[in-house]
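Subject: Two-chain model for you to look at

Hi there,

Here is the structure I promised to pass on. Could you open it alongside this note and follow along as I go through what turned up?

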Amino acid sequence: MKIAVVIRQVPDLIEPLEVDSSGKALDLGSATFILNESDDHALEQALLLKEAQGGSVSVLAVDFGDVDNSLYAAAAKGADQLIKLLWDDPNRPPWPQQAARMFAEVLRPLAPELVLVGVQAHDELDGVLPPELAVCLGWPYVGVVRGVKADDGQGLLVRKEFPGAVMAEFAVRLPAVLGILGAEQPPRYVPVSRIRAAMKSSQIAEQEATVPPWAARVEVARLSPPAPAERAEMLTGSAEEVAQRIAALLEEKGLLR
Amino acid sequence: MSASDILVLAETVRGNLSGIVSELLGAARSLAHATGGQVLALLLSSDGTPFVPSLQAADRILLVNHPALAEYAPEPFLAALQAVVQAETPRAVLIGSTSIGWDMAPLLAAKLPAPLVLGCQQATIEDGHLRAVCGLCGGKMLAEVRIQEAPAILMILPGSFAPASGPGKAEVQTIPPPDLPGADGAGIVFRQWILPPPGDVDITSQDILVAVGRGIQQKENLEPIQQLAEVLGGAVCASRPIVDQGWLPTTRQVGKSGMTVKPKLYLALGISGAPEHVEGMAGSDLIIAVNTDPKAPIFDVADYGVQMDLMDLVEPLAQAIQTRKK
């Protein structure tokens, strides 16, 4: 099966996030970028399918943030082809709607049977890449997917997650775009040495894609951290002191039994 | 039809109306009051009649009945939703931030095309403009947005709006379905529901839950936490990253795509408090959160907080509880 995976860079939420001087956007210059978590799962799911069925995995990304490292890491995990779409604005990535059109332009001649993308990126506000991409390609789409397997040569069986650990199983005819929430197993770990080796043995193909003009339909008036809510009463002291206070609290509330 | 109406997608899952629908109707009522329009509840199913009594908070209930809508499938649902939205031309379409909503809202916005806002926690009409407040970056940022174009597609975060109350006198209207792709023509066809395997602990019935998040860092750290839960007489549950890692089964996941729990004690260890997780545990009687990040959103919903590495606290806490129980 010929599979394409689209990956994105997002600000690392472990690091503090800043708002830029406009007060309307993230200060991406001060952010640390990492691979979008659900895209990592999309890559893992693609590799699992390839291992089960044969085929190839192409990984595509827009040239933004620390994307080369993510692409080489994908090669170290087993991706066969790395494609970087050129993007010349270092201050912001393309809007999801723009990115979808750029990826669609590159994907059409690549002609994969299946495109996997993380269902969401945490910095998306007014657009979601995978369904936009599906509409651009004219392919069916289902998201919040937590498992994909072959359906006896008839396409795929896909599990979509619902609350309460309930799954809906769908038969999916190809080609299709799937929005992956989680792969069937955790994303595989690759040591830095293998990523370094992939940097020498793999090549990132740089590709130009037409950047469509895009006027945002949603105007951001203000971006800010949430105002402090009524915060928790903080318990301070050594671990032993805090433990004693919590235990006393639970006893007082009748929760020790 | 009116560009001042507010349309709600009333989704059903396994034959039940989703819990968020009453919140969507509440949000829609508030917006419609400002626009002077009506609240429309759209139900897509094989036969929506049994759900009519639950949708009386709307002014009009629109039923699209078709065999292809008996169970959720993206293509017939999108085709029916798009046809109704284009016919009714509402000011806004409210869709829950749910598994179905994550398909329908962005697909509808892409197809129409129309403006889309994710993670919507507030929505108002001011000076004729639709304004919304939305969370992003795992709840670490809030965006105040304005949307002029109609229809605006708002994905509503559960727990953000008061449910609509009181029975109304909704007019019921059955709308002829457009041509819908059935099992033969659709690319994605519903096969079956898969329920969680029986036998695991039912975390929704536990009085005490010890919840772990990304802060536990490695699977081996689950063992002392399991011991703490046993000392407390409770069970271990988790946020999504722990389940994604395969460290705990999906039956232990709390949050939007997991279980909704309301225990007497929710001890949150190393959980940041992303909106998707808080959605599943905010109703707990007592919440104690432990996190190294003093700005973690979990401290906004917790009653008590501890800024500390959770692994430093787990063993002393188990010992302190054991001592008091003696």
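A quick definition before the details: two strands count as paired if DSSP finds at least two bridges between them. Please keep in mind throughout that this is a predicted model.

**Between the chains**

That definition matters straight away, where a strand from each chain comes together. Strand E13 of chain A (residues 233-234) pairs with strand E17 of chain B (residues 304-307) in the parallel sense, over 2 bridges. If you want a residue to click on, Met234(A) has Gly305(B) as its bridge partner in E17(B).

The contact between the chains as a whole draws 70 residues from chain A and 72 residues from chain B. On the chain B side, helix H8 (residues 310-325) gives the most, with 8 residues. Sorted by class, that side of chain B has 42 nonpolar residues, along with 15 polar and 15 charged ones.

H8(B) also meets a helix of the other chain. Its axis and that of helix H6 of chain A (residues 239-252) come within 8 Å and cross at roughly 45°, an angle that therefore makes H6(A) and H8(B) oblique to each other. The crossing is right-handed. From H6(A) the contact includes Ala239(A), Val242(A), Ile246(A) and Leu250(A), and from H8(B) it includes Leu313(B), Leu317(B), Ile321(B) and Arg324(B). The class count for this helix pair is 11 nonpolar, 1 polar and 4 charged residues.

**Two sheets with strands from both chains**

The E13(A) and E17(B) pair belongs to an open sheet of 6 strands with parallel pairing, in the order E13(A)-E17(B)-E16(B)-E15(B)-E13(B)-E14(B). Its edge strands are E13 of chain A and strand E14 (235-238) of chain B, each pairing on one side only. At the chain B end, strand E13 (residues 208-212) of chain B and E14(B) pair in the parallel sense over 4 bridges, with Val210(B) bridged to Val236(B). Helix H4 of chain B (residues 222-232) lies across E13, E14 and strand E15 (265-269) of chain B, and runs at about 165° to E13(B).

The other sheet is also open and has 10 strands with mixed pairing, in the order E11(A)-E5(A)-E4(A)-E1(A)-E6(A)-E10(A)-E7(A)-E8(A)-E9(A)-E12(B). Here the edges are strand E11 (204-207) of chain A and strand E12 (188-194) of chain B. From one strand to the next the twist averages 35°. At the E11(A) edge, strand E5 of chain A (residues 81-85) pairs with E11(A) in the parallel sense over 4 bridges, and Leu82(A) stands opposite Ile204(A).

Two helices of chain A are worth viewing against this sheet. Helix H1 (residues 37-53) of chain A packs on the sheet and touches strands E1, E4, E6, E7 and E10 of chain A, with its direction at about 150° to that of E6(A). Helix H4 (residues 129-137) of chain A lies across E6, E7 and E10 of chain A, running at about 180° to E10(A).

**Within chain B**

The domain assignment splits chain B into domain 1 (6-174) and domain 2 (203-325). Their centres, taken over C-alpha atoms, are 33 Å apart. Each domain gives 8 residues to the contact between the two. On the domain 1 side, 2 of these are nonpolar, 6 are polar and none is charged.

Helices H2 (residues 74-88) and H3 (residues 101-111) of chain B have axes that come within 10 Å and cross at roughly 55°, so H2(B) and H3(B) are oblique to each other. This crossing is right-handed. Among the residues that meet are Phe77(B) and Leu81(B) in H2(B), and Met104(B) and Leu108(B) in H3(B).

**Backbone details to check**

- Leu174(A) and Pro175(A) are joined by a cis peptide bond, with omega about 5°; Pro175(A) is in the loop between strand E9 (166-172) and E10 of chain A.
- The peptide bond from Leu112(B) to Pro113(B) is cis too, with omega near -15°; Pro113(B) sits in the loop between H3 and strand E7 (116-126) of chain B.
- Ala111(A) is not a glycine, yet has a positive phi of about 50°; this residue lies in the loop between helix H3 (96-110) and E6 of chain A.

Happy browsing, and best wishes!

How values were computed: Residues are numbered from 1 along each chain as its sequence is written. Chains are lettered from A and ligands numbered from 1 in the order in which they are written. This is a predicted model: local features need pLDDT of at least 70, side-chain atom pairs count only at pLDDT 80 or more; totals for chains, interfaces and linings use all residues. Two residues are in contact if their C-beta atoms, placed from the backbone, lie within 7 Å. Ala, Val, Leu, Ile, Met, Phe, Trp, Tyr, Cys and Pro count as nonpolar, Asp, Glu, Lys and Arg as charged, and the others, Gly among them, as polar. Domain bounds come from an automatic or database domain assignment. Axes are lines fitted to C-alpha atoms, for helices over the stretch in contact, and angles run from 0 to 180 degrees between N-to-C directions. Angles under 35 degrees count as roughly parallel, over 145 as roughly antiparallel, 65 to 115 as roughly perpendicular and the rest as oblique. A crossing is left-handed if the near helix is turned anticlockwise from the far one by less than a right angle, and right-handed if clockwise.
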